[in-house]
Each structure stands twice: as C-alpha cells, then as structure tokens.
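Me: Please take a close look at one part of this model for me. I would like chain B, piece by piece, and then its partner.

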Amino acid sequence: MAVAEFTIRIFAQFLAFLGQVAALAGETLLSIGAGRIRPRLVIQQIAEIGFRSQLVVIVTGGFTGAVFTAQAFFQFDALNMETAVGPVVALSMFRELGPVLAGVMVAGRVGAAMTAEIGTMKVTQQIDALRALAVNPVDYLVVPRALAMFISMPFLVVECAGFGILASYYVGVEVLGIQGAYFFANTQKFSESSDIIMSLVKGFFFAAIVVFISCREGLEAKNGAVGVGRATTATVVNCSLAILIVNFFLTMALNIVFPAG
Amino acid sequence: MMKTEPLIQVRNLVQKIGAQEILRSLSLDVMAGETIVLLGKSGGGKSVFLRHLIGLMHPLSGSIIFEGHEITTLTERELEPVRKKIGMLFQDGALFDSMNVFDNVAFPLRESGERNPKIIRDKVAESLGMVNMTGHELKMPVNLSGGMRKRVALARAIISPPDVILYDEPTAGLDPIVSDSINKLIRHLQRELHVTSIVVTHDMVSCYHIADRVALLNEGRIYFLGNQQELRDSTDPIIRDFVDGRSGETIY
C-alpha cells in the first residue's frame, strides 16, 4: 500500500513538473510572439550560452570522435573495412552524438548557471523586485535565454559533430593509417544533408529542454542557498535524463522522415 | 463636507503560511497622500501584508481595492499597470546583483522606455543625491553595506515617483543620521509629490517623524488605528508594551 502511494505521489510530482515546464514554455512562446523581446539581453545571453560554451563542446566532440574512430578502426581493421570508419563516425556524430553531447554539456555548463542565477534572484527577492517594478520575470529572464539558446544550439551541435569528424579524420588517417582519399570519399558518399538536418532538429529540442527545465527550476527555487544548490543539481540531472530519453524517441520519429542509409 | 474615497481599501484579508494564520480578517483604509506607519511584532505579518498590496501574494480570502478596482484577482500581466503606480522598498533592498548601482537605479526608467542617456544620467544622479549615495554609481551591490543597499533601493523606488510607496523597514540597520535623512525624504515625497506611503517599521523615532496615522498589527488584525497623539495617550497594555519597548518578561 505504502509503495503504491509512494509511486502515485512520485508520478503526480512528475506530471506537475511536466505541467510547470510546459506552462513556462507556453508563456515564453506567447511573450516572444507578442514581441516582448529585449535585444540587448538576447545578445548578452548568446555570448554567455553560445560563445562561451564553444570550448567545452569542441573538446567533447573532438575527443569523442577520436576515441570512437580508434575503437571502430580496431574492429573494422580485422575485417579489412577500415575505410568504413569515416562514414560510421560521421553519421553517429551528426545523428546522435553531436546533439546529445552538445545538449548534455550545455545542460551542465549553461543550464546549471541559469538555474543558479535565477534561483539566487528568487531567494534574494530580486524576482519580486522585478515584479514590483512591473517587469514580468518571464519576459525579462526566460525570453532572452530561450531565444539565445534556440539561436546558439544549432551552431554548438554542428560544431560538436564537425570537430568530432575532424578529429576522426586526423586519428584515422594520420595516426592509424587509413587512406585519406577513401576515408573522405566514403564519408561523403554515406553522409547526407538529412543527417545534418536531423542534428539541427534534435539540437532545437534539446535547447528547449535545457532552457525551460533550467529556468523552471530557478524560478521555483526556495529555502536559500541550500534550495538553490538542490535546484541546480536537479537541473543537470533532469536535463541530462530528458535529453537521453527524448533523443531515443526523436531518433525513432526522425528516422521515418529521414531514413538512414 | 464630502468624504473622499480611500485610495486603498483592504477588507477582511486572510492569509496562511503553512498552518500558521498570518492575517486574520485584516481591514484597513488608506487615504491618498497620507503616510501610514504599520507597527507590529517581528514575524507578525506586516511584510506579508505589504506584499499583498502590490500583488506579490494573493490572499486566501478578502479584497484589496486600489483606485476603485479589485486587485486580488488580477493576473501577473493585469497587475502591471497597478505596479507602475505602487513602488516598494524591500527589507534587504533586493538590488539586482548583476548590475552596478547606476544601472540598478536607472532600471525603472529604462524599462519604462526612456532611452535618452542624459535624462537617465541626470535622474539617477538626482535620485542618488536624495539618498546621499552620490559617487557610488559604479559599485556593485555586493560591495555595499546593508544600509547603502537599502538607500540605493530607495533611490530606485523613487526615480519615477509612483503614487504609492510601500516601505518595508526603511530605517532598519541604518545609523541615526541616515535614518533621519530617510525620514525626511519620506516626508518630502509626501509633501512635494503627494506620494501615499505605507511604512512598516519598528523604529518609533521614525514613526513619530513621518506618521499621519499609525496602525498596530496584532494577531493578524489591525489592533489600533489612530494618530500619533492617540498612540501616545493610549493606556492599552498591548499598545503600551510595543510603544515603550517592554517585553513583559522578567530577567533573573
């Protein structure tokens, strides 16, 4: 009985959480639609979210591409299929790893910072001060972050995948001795523009996940510094899990629109 | 003589936080242009009451009528025009951490659409001058003392003088000289700009300096409402304990 009650309570909390995130997303999109946009804040956030996230995304994409190439080479070499390493890595980077890695890294770097900043504003009454000054917190805090995220994320995803493929080329050709012309030709042959589109579509969804979960956690933060810490942890965990779960369903759905191979 | 309508009418306001009943059918009328000082024990619901007046909290029941319109049922967006007429000074200032003093004070002007840098500069300088904070424009809030933060917050609240200002302990933590300048400023705003003020304070010196009427909040209700003379003359033990600063406890 207690287990059933506990399960129902957790499920109800999960539904409430989804409802709050959806409500925040709806309110933000309505504000954007109504033109309540502060361009200066959007540019500031693009610098914070997009520009300053590049290093972490490039390093993650690059080294993932490099290690993936090495492991694929060790397996394919035994079958004399080492030139297949290029397309395998390229497809994986564009269709799966690029968006997921960029999403998770942005959740850790940017999402956590968003929650901490908005959460601190909440517990120190700065959000109440905004409201008291007739400034809607969603317009002022969430809209610029959401727009900046939607603008930045496609670039970050492509950067992550692109540097993964570049690292793959370097490791495959320069370190492991795959013939460059075959590597390049096969990669080009099996990669299509639909792979990049899939990458961008996923990036857009992951941007929405990170920004709305992070802002929701910040806006709902309570109980001082401890509460902000909890909210920040919750952001990283919830965003990462949501990205991984949504990625599976997006892969299945997008594979119907853009079939692989 | 025709009786004028109160600017703010509060009727039977009820609020609970957790299981604790903070406001129990609180009623109060605030007339335009007057300064009401709200006294009461710490944790007695004074700040909670102020937050209701600007729509930061919604009551469980009861009504607040501002300029003839019910505000307790309004949404965040619908409250925006009301909030443009009511300013609030928060207890700890609630300055924006990410902005320096200048940008904090200029914030309401910029948000109201003012783009002329000279007008913004002049008005910020004037507001900071009124609270003796000239020369601190480039400091970040984290580098200010509690009293300085409060004064900057006051400058922000008065830069576009609203019709009503709610002060949550404006002189707490300030030295007597700065407290006196804040009291004079509240008086100045009332006399020159006819600003209506509701001031939550424990500072009796401040109370006697600025109050047109004094309200004492006790057990979630307005226990006393009258002018300064009536407060001084009261023989009610609860009022006397508060006014004279007696706890009623014996020290062994």
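What follows is a walk through chain B, then the contact with chain A, then chain A itself.

Reply: A caution comes before the details. This is a predicted model. Local features are described only where pLDDT is at least 70.

Start with the domains. The assignment for chain B gives domain 1 (1–27 + 43–74) and domain 2 (79–164 + 172–184). Their C-alpha centres lie 26 Å apart. Domain 1 of chain B puts 9 residues into the contact between them, and domain 2 of chain B puts in 7. On the domain 1 side, α1(B) gives the most, with 3 residues. That side divides into 7 nonpolar and 2 polar residues, with no charged ones.

Now look at that helix. Is α1(B) enclosed by the rest of the structure, or open to the outside? Helix α1 of chain B covers residues 46–53, and 7 of its 8 residues are buried, so it is largely enclosed by the rest of the structure. The buried residues are B:Lys46, B:Val48, B:Phe49, B:Leu50, B:Arg51, B:His52 and B:Leu53. Charged side chains are on that list too: B:Lys46 and B:Arg51 are both buried. A residue counts as buried here if 20 or more other C-beta atoms lie within 10 Å of its own. Just after the helix, B:Gly55 takes a positive phi of about 80 degrees.

Next comes the sheet. Four strands of chain B form an open sheet in the order β2-β1-β4-β5, with antiparallel pairing. Strands β2 (20–30) and β5 stand at the edges. Each has a single partner strand, so one side of each is left without a neighbour in the sheet. At the β5 end, β4(B) and β5(B) pair over 2 bridges in the antiparallel sense. There, B:Phe66 stands opposite B:His69 of β5(B).

Two backbone angles deserve a look. Most residues other than glycine have a negative phi. B:Asn12 has a positive phi, near 50 degrees. B:Asn12 lies within strand β1 of chain B, residues 8–17. B:Asn12 is partly exposed, with 14 other C-beta atoms within 10 Å. B:Glu67 also has a positive phi, near 50 degrees. The setting of B:Glu67 is a loop, the one between β4 (61–66) and β5 (69–70) of chain B. B:Glu67 counts as partly exposed, with 15 C-beta neighbours inside 10 Å.

Further along the chain is another strand pair. Strand β6 of chain B, residues 86–89, is covered on both faces. In a regular strand the side chains alternate between the two faces of the sheet. In β6(B), B:Ile86 and B:Met88 lie on one side, and B:Gly87 and B:Leu89 lie on the other. All four of these residues are buried. Strand β6(B) runs parallel to β7(B), residues 164–168, and 4 bridges join the two. In one of these pairings, B:Ile86 has B:Val164 of β7(B) as its bridge partner.

Then there is the contact between the chains. Chain B brings 16 residues to it and chain A brings 11. On the chain B side, α2 (76–85) and α3 (101–111) each supply at least two residues. The largest share, 5 residues, comes from α2(B). By class, the chain B side has 8 nonpolar and 8 charged residues, and no polar ones. Compare the domain 1 side of the contact inside chain B, which has no charged residues.

Finally, the partner. Chain A has 9 helices and 0 strands. Of its 261 residues, 48% count as buried. Its C-alpha trace spans about 65 × 55 × 35 Å along the principal axes. Among contacts in chain A with a separation of 6 or more, 89% join residues 24 or more positions apart.

One helix pair in chain A is worth a stop. Two packed helices are described by the angle between their axes and the distance between the axes. Helices α4(A), residues 85–123, and α6(A), residues 137–175, have axes that come within 7 Å and cross at roughly 145 degrees. The crossing is right-handed. The residues of this contact divide into 19 nonpolar, 5 polar and 1 charged.

Technical notes:
Residues are numbered from 1 along each chain as its sequence is written. Chains are lettered from A and ligands numbered from 1 in the order in which they are written. A residue is buried if 20 or more other C-beta atoms lie within 10 Å of its own, exposed if 12 or fewer, and partly exposed in between; C-beta atoms are placed from the backbone. Two residues are in contact if their C-beta atoms, placed from the backbone, lie within 7 Å. Ala, Val, Leu, Ile, Met, Phe, Trp, Tyr, Cys and Pro count as nonpolar, Asp, Glu, Lys and Arg as charged, and the others, Gly among them, as polar. Axes are lines fitted to C-alpha atoms, for helices over the stretch in contact, and angles run from 0 to 180 degrees between N-to-C directions. A crossing is left-handed if the near helix is turned anticlockwise from the far one by less than a right angle, and right-handed if clockwise. Domain bounds come from an automatic or database domain assignment. Two strands pair if DSSP finds at least two bridges between them.
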